[in-house]
Amino acid sequence: MKLFGFIAVIIVGALLLAATGDFPAWGDAGSPASQGQVSSFYIEQTINETKVPNMVTAVLADFRGYDTMFETVVIFIAGIGIIAVLRTFGDQASKAPDGPEADNDSGDLIVRTTCHMVVPLIQLFALYVIAHGHHSPGGGFQGGVMLGASYILFALACGLPAAKRRMGERRAIIIAAAGIIIYAGWGVACLLLGGNFLDYTSLDPILPGDEQMARSHSMLVVEIGVAFTVTAIMFAIYSNLSTRGRLEKGL
Amino acid sequence: MTEHFSALILLMPLFGALLVTLLGRERRTACWLTALVCLAASSAFAIGNICQVLASKSGDLRYRMGGWQESAGYEVGIELRVDMLAALVVAMVVLVGFVNIIFAKTRVGSEMKDKVAFFYALKQLLIVGLCGIVMTNDAFNLYVLIEITSLTSYALIAMGNRRAALSSFNYIIMGTIGASFYLLGVGYLYIKTGTLNIDDISSVMQSGDLWAHPSIMIAFVLIMLGIWTKMAFFPLHGWLPNAYSYAPGVVGSFMAPLMTKVMVYVMLRVMLWLFGGEYVYSSGHIWGELIIWMSIIAIIAGSFLALACTDIKKMLTYLIVAEVGYMVGGAWLMDGAGILGSMYHILSDAAMTFCLFLAASIVILRTGDHRLTAFTGLFRSMPLTMTGFTVGALSMIGLPPTCGFFSKWYLISGAIEVGHWSYVAALLFSSLVNAVIFFRIIERAYFGRIEGVESLPVDADGSPPVVLDRVPYSMLLPLLMAAGSVLLVGIYNEVLAGWLRAAIPSL
Amino acid sequence: MIEESFLPLITWMVSLLAVPAILLLRRTPNAREMATFVAAFAKFALVAVMVPMILDGRVLRFSFGEILPGIPLEFRVDGLGILFALVASSLWILTTLYAVGYMRGLKEHDQTRFFACFAVSISATIGVAFAGNLFTLYLFYEVLSLSTYPLVTHHGDKEARSGGRTYLSHLLGTSVAFVLPAMIYCWVRSGGDMSFTDGGFLAGKIGAGDGMIVLLALTLGFAKSGLMPFHSWLPNAMVAPTPVSALLHAVAVVKVGVFCVIRVFTGVFGTDFLGELDVATAVSWIAAFTVITSSLIALSQDNLKRRLAFSTIGQLGYIVLGVSLLSPLGVTGSILHIAMHAFGKITLFFCAGAIYVAMHKKYVSELVGIGRKMPITMAAFAIGSLSVIGLPVTGGLVSKWYLVMGTAESGQIALLVVFLVSSILNACYFLPIVYRAFLCRPEESLYDGGRQEAPLACLVPLCITAALSVFSFFNPNLLLKLAGLMTGVE
Amino acid sequence: MEFLAAGFIEENIVPKFNYWVYVILMMIGLFAMITKNNLIKKLIGMAIFQTAIILFYVSIGVKAESGIPILGHEQHHEIVEEGRASSEVIKKEKFANPLPHVLMLTAIVVGVSTLGLALAISQRIYGSFNTLEEDEILDQLRPGGHD
């Protein structure tokens with residue numbers, strides 16, 4: 001098996017390297033991918049079409065917004081997939097101590113106190129990352145991961161039951177679904193107003209600013225939707241993986 | 001509204017999945033109803049879509065997501081493209097999904113226990129993924145959607161017993177390798193062309209005359225390897241039999257007919273539209289021959305492996321491996337008739353595999369036995385189920401007027417036109433093996449416990465009374481619908497073939 | 001002169017419509033049998049109505065619309081088809097009558113299923129007879145294979161199962177492995193047209209080498225014709241109840257096989273074109289080999305039904321041999337032999353069944369002296385034997401005459417010898433049975449006491465078929481005319 | 001010989017080192033996925049494999065002497081005042097290609113999701129087999145056949 005694997009790997013590697021002969025060199029500005037019409041369009045026209053200086057955000061949330069919607073769906077699937085595979089509903093789970101005293105029996109006082117101080121800061125910064133994605137690196141995924149991480153941190157410091165009271169399983173699923181509903185629902189709203197699916201310009205009548213601004217605003221909306229889903233699913237994945245689906249007291 | 005049909009086909013099950021998760025795991029009937037309604041709507045849109053494609057002059061509908069117009073001849077956004085083949089395959093996906101939802105109703109409770117809502121959600125998302133794959137015209141979007149279908153199927157399979165979990169794990173490893181190869185291939189194409197739209201990549205390669213570049217060839221090989229892994233083409237088939245046979249019954253009966261077929265569709269799409277028949281077939285005389293031989297091996301190996309099985313579902317999964325060989329071989333015959341056969345076989349194989357899997361699930365449910373011995377004497381106790389099974393079996397063997405006969409007809413005529421007799425021989429061989437396999441079962445079902453006939457109550461003329469199947473209608477009806485579709489796809493093959501022929505680009 | 005007509009469709013449908021009736025009436029056997037009879041008579045009447053039209057030189061056609069590109073599902077009634085349909089539908093009536101007597105006499109199980117499958121298979125037979133193109137022919141050929149399977153395995157015991165397995169594996173296997181690719185090859189070669197025409201739709205479109213392979217594939221692939229080496233399903237199918245054997249051997253299955261072969265020679269290739277290609281000799285020799293070998297095997301069989309089965313294989317060999325001579329007289333002989341052999345052989349099977357019902361005897365060696373016990377049955381048996389051997393005063397002589405004439409016409413002396421030898425062999429395996437049944441010494445006889453015939457329902461049909469055998473010797477004009485429509489022989 | 005090798009390195013490896021790095025990483029990952037016995041090691045291989053692909057894509061977008069694909073504040077203000085950007089203001093050589101970044105954001109998400117699901121499934125496998133070694137699991141399954 002080892003030998004077979006080794007040979008297969010060498011063959012694949014050789015195949016992949018053989019193609020590099022006619023690839024552009026590292027950093028070649030004249031390569032088809034960099035020089036191509038699509039890339040030039042994104043760089044030069046993004047600001048005109050969407051009024052968003054961050055081209056990555058614009059491409060992500062608007063030009064290829066359809067892709068990104070499915071990306072969010074992928075996260076959603078991972079979340080409910082893990083719950084579906086791992087979660088054990090039943091008596092053992094409900095017997096787990098779930099009262100307020102569970103809050104205190106885990107973790108060190110210093111850790112808990114620090115955590116109580118840090119978590120709001122993380123969350124605040126996460127919100128900034130989400131909202132400021134138009135102008136600087138950031139956006140729904142990045143901000144959502146930070147938000148999710150803040151909950152995970154809380155769960156690590158104060159115990160899973162405490163975190164569960166703030167982000168219960170049911171609530172996490174609802175938030176995750178709501179995120180995609182925001183995203184896809186926004187697209188459907190475009191559709192209802194006469195445009196194609198996710199064609200934000202058709203929302204111009206109900207949003208402030210001109211058509212380009214409508215795109216810009218809509219990007220914020222879908223980024224928020226993404227952030228919802230990512231936050232909830234990050235925490236759901238953590239809580240299931242760390243307790244083997246029993247959602248009792250975690251690590 | 002009508003121009004949005006292709007988007008709505010996707011959106012219905014997507015929202016259905018979200019609603020189902022919001023409903024929560026207590027309200028099972030509500031979940032079922034939601035899924036049913038959403039898929040029914042989606043089916044209606046899919047049928048409307050077929051009508052639209054028929055009505056349109058060009059024969060392919062374009063739908064630009066986000067309304068982004070092309071810039072200087074390049075698509076900057078993501079575009080859906082629905083030609084006749086895509087419209088038919090999408091309709092097949094949602095209809096099979098719809099019927100399977102009906103089928104799942106009574107079964108899902110006992111198989112999924114507390115996770116019914118998750119099952120419905122994942123299943124609808126799987127349908128979203130499959131529909132998306134079929135309709136998208138963007139090479140990278142295709143990757144994302146392939147991953148959506150893969151993730152949902154990993155999760156759905158792993159919801160079964162512990163063997164299912166292990167099979168699902170192997171599937172993850174193989175599936176990830178396959179999808180990653182596909183992604184690498186797309187990356188290679190992107191480096192050379194600077195675009196991701198399938199039509200644009202094709203036209204850049206055409207205008208830039210990139211055919212001779214080794215990187216294009218390697219991109220092609222990578223994409224093909226990736227897709228073959230995903231569709232379980234013979235030496236890469238290892239994950240499929242376990243994954244589909246150990247998966248929960250309602251899951252297996254849904255994924256088996258669809259997943260491999262949609263991947264065959266992707267292969268055709270890549271061959272004929274992304275790279276173009278000219279490139280694939282002209283430079284590929286050596287590899288074309290090689291791949292047909294590989295598909296012959298796939299057909300023969302699949303048939304033999306199926307013959308050796310005593311587990312009904314595993315046997316059916318090995319037959320899928322053989323059927324994949326049919327389609328790959330047909331697509332590589334380098335001939336319009338072969339491609340047509342391959343396309344038609346996507347539809348007909350889905351119909352008959354669906355029919356057989358439903359029948360097998362019902363039998364396993366009723367007898368509690370998943371070996372072939374479960375069928376003993378079933379013609380008496382479950383006549384309707386066995387009728388459905390027999391229709392599917394006859395189609396697998398390839399007897400008229402079932403659809404299996406006609407797909408063989410087109411495939412063989414394609415092979416004869418290019419003079420590939422070994423492929424013809426392989427098809428006939430597999431027909432004969434299928435005949436042995438299925439008549440072994442039918443004989444068992446037909447005679448069964450003939451010694452015990454006396455113990456049953458007897459009619460005036462000495463024949464035992466017909467006992468109804470004792471299977472809920474929600475299971476029997478889907479089976480009969482599937483059996484009906486086997487016959488319908490067969491009888492109307494001329495219409496379907498005419499539509500499909502219009503979709504084949506000139507070689 | 002081709003004209004559109006619904007008659008072929010209705011004729012085909014009649015027995016199919018009887019199926020739901022039979023299934024619904026399963027609790028009242030009398031009404032159920034009534035339904036079968038009504039359908040049988042209706043079918044015969046419809047065929048009879050068509051006969052004068054066909055004799056006028058008209059060809060009736062009915063099409064369901066295209067099912068494959070360029071290929072409609074199509075009925076086309078010409079002389080050959082109507083002759084076969086006439087034989088099949090008339091004998092169906094008798095077989096049904098006989099089956100009722102036989103099944104009730106033996107108190108068989110699952111009679112409803114039996115009669116339903118019976119009706120389906122006769123419908124498929126008519127479908128074959130009326131098929132207007134190769135695809136339609138193939139379709140009904142397969143339907144017939146499947147619908148007769150439950151009949152063959154009716155007893156459901158181990159022997160029946162293995163017999164049924166051989167039956168299906170041979171018939172389905174050969175048709176899928178040989179006929180299907182050959183048919184698709186024809187389709188590709190002829191440019192999408194597969195309608196039978198007088199000159200053959202492949203005429204001029206195929207070379208000698210390919211033609212040879214396609215011809216052999218089609219001839220051997222229609223394995224119901226019992227050509228060696230794909231003959232062994234026939235003796236194995238003898239496990240079936242006797243009415244089924246009678247139906248299989250005289251009316252439906254084997255005749256469908258040779259009918260298909262005749263269609264292949266006349267409708268697919270055309271005898272003239274085959275003459276140009278000069279490839280039919282191979283088939284002639286396979287048939288000749290089959291004739292002689294099967295007759296020799298028949299000699300050694302003690303089981304009466306198996307002996308009859310091998311005799312059938314030999315007689316089918318005649319038919320294939322006759323058509324492979326490509327001479328008009330030979331083809332006429334073959335077509336006539338379908339009918340003549342049908343009358344003769346069904347008589348023999350009815351007799352075998354009657355003996356089984358009345359005496360429960362299966363073996364030739366047990367029949368010594370039975371002529372005194374069952375004189376009518378054995379008299380009919382004698383007539384049937386004469387017909388199959390080809391002796392006067394039975395119809396078998398007429399067809400054999402044409403076959404021999406055809407052989408002479410084509411100048412194949414070796415094949416003439418085959419006919420001669422095989423006729424002698426036929427006589428060798430039939431006449432001793434008759435001789436010992438009637439003319440054995442009283443002390444050798446295994447039977448004593450008075451006459452004890454089978455029930456009337458069994459007896460009447462075999463008398464009628466025996467009478468038909470004799471009648472067709474004296475008045476073969478109708479059959480000759482119908483055959484002449486195809487071959488031009490007056 | 002040495003000279004040739006040096007020439008090869010100079011022509012094919014140095015200017016295209018990104019491809020070499022990714023291929024080597026990918027080979028490591030693939031090797032682990034195929035041959036490792038421990039399920040978690042397989043998953044680690046999978047992560048390496050996917051990372052290699054991400055590296056490959058991102059390296060496509062690189063342009064020498066270009067910055068991140070975000071307009072600076074000054075440029076933004078300039079454009080806002082003018083009302084519309086022109087190719088003088090935005091020099092495309094100055095910005096890295098944004099598309100690969102977007103694509104890889106997606107690929108990362110897919111990779112994370114797959115990994116998460118795979119970990120969940122391997123936990124379930126551990127729960128029912130009490131081991132994560134593939135051969136031991138197969139040993140447990142062998143005698144029973146079905147369960």
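I began with the pairs of chains in this predicted model, and I noted that of the four pairs in contact, chains A and B share the most contacts. I then looked up two pairs that might have met but do not: chain A and chain C do not touch, their nearest C-alpha atoms being 39 Å apart, and chain C and chain D do not touch either, with 31 Å between their nearest C-alpha atoms.

Next I went to the boundary between A and B, where I found 52 residues of chain B in contact with 49 residues of chain A. On the side of chain B that touches chain A, at least two residues each come from α1 (5-23), β1 (60-64), α4 (116-135), α5 (139-158), α6 (162-193) and α8 (214-231) of chain B. I asked myself which element gives the largest share of this side, and I found that α5(B) does, with 11 residues. When I sorted the residues of this side of chain B by kind, I wrote down 32 nonpolar, 15 polar and five charged.

I then turned to chain B as a whole, whose secondary structure comes to 20 helices and two strands. Its radius of gyration is 22 Å, close to the 23 Å that the globule rule gives for 507 residues, so I recorded chain B as being as compact as a globular protein of that length. Along the principal axes, the C-alpha atoms of chain B fill a box of roughly 80 × 55 × 45 Å.

Last, I checked burial and contacts within the chain: buried residues make up 67% of the 507 residues in chain B, and, among its contacts between residues at least 6 apart in sequence, 78% join residues at least 24 apart.

Conventions. Residues are numbered from 1 along each chain as its sequence is written. Chains are lettered from A and ligands numbered from 1 in the order in which they are written. This is a predicted model: local features need pLDDT of at least 70, side-chain atom pairs count only at pLDDT 80 or more; totals for chains, interfaces and linings use all residues. Helices (H or I, at least four residues) and strands (E, at least two) are DSSP runs, numbered from the N terminus. The radius of gyration is taken over C-alpha atoms; the globule rule is 2.2 Å times the number of residues to the power 0.38. A residue is buried if 20 or more other C-beta atoms lie within 10 Å of its own, exposed if 12 or fewer, and partly exposed in between; C-beta atoms are placed from the backbone. Two residues are in contact if their C-beta atoms, placed from the backbone, lie within 7 Å. Ala, Val, Leu, Ile, Met, Phe, Trp, Tyr, Cys and Pro count as nonpolar, Asp, Glu, Lys and Arg as charged, and the others, Gly among them, as polar.
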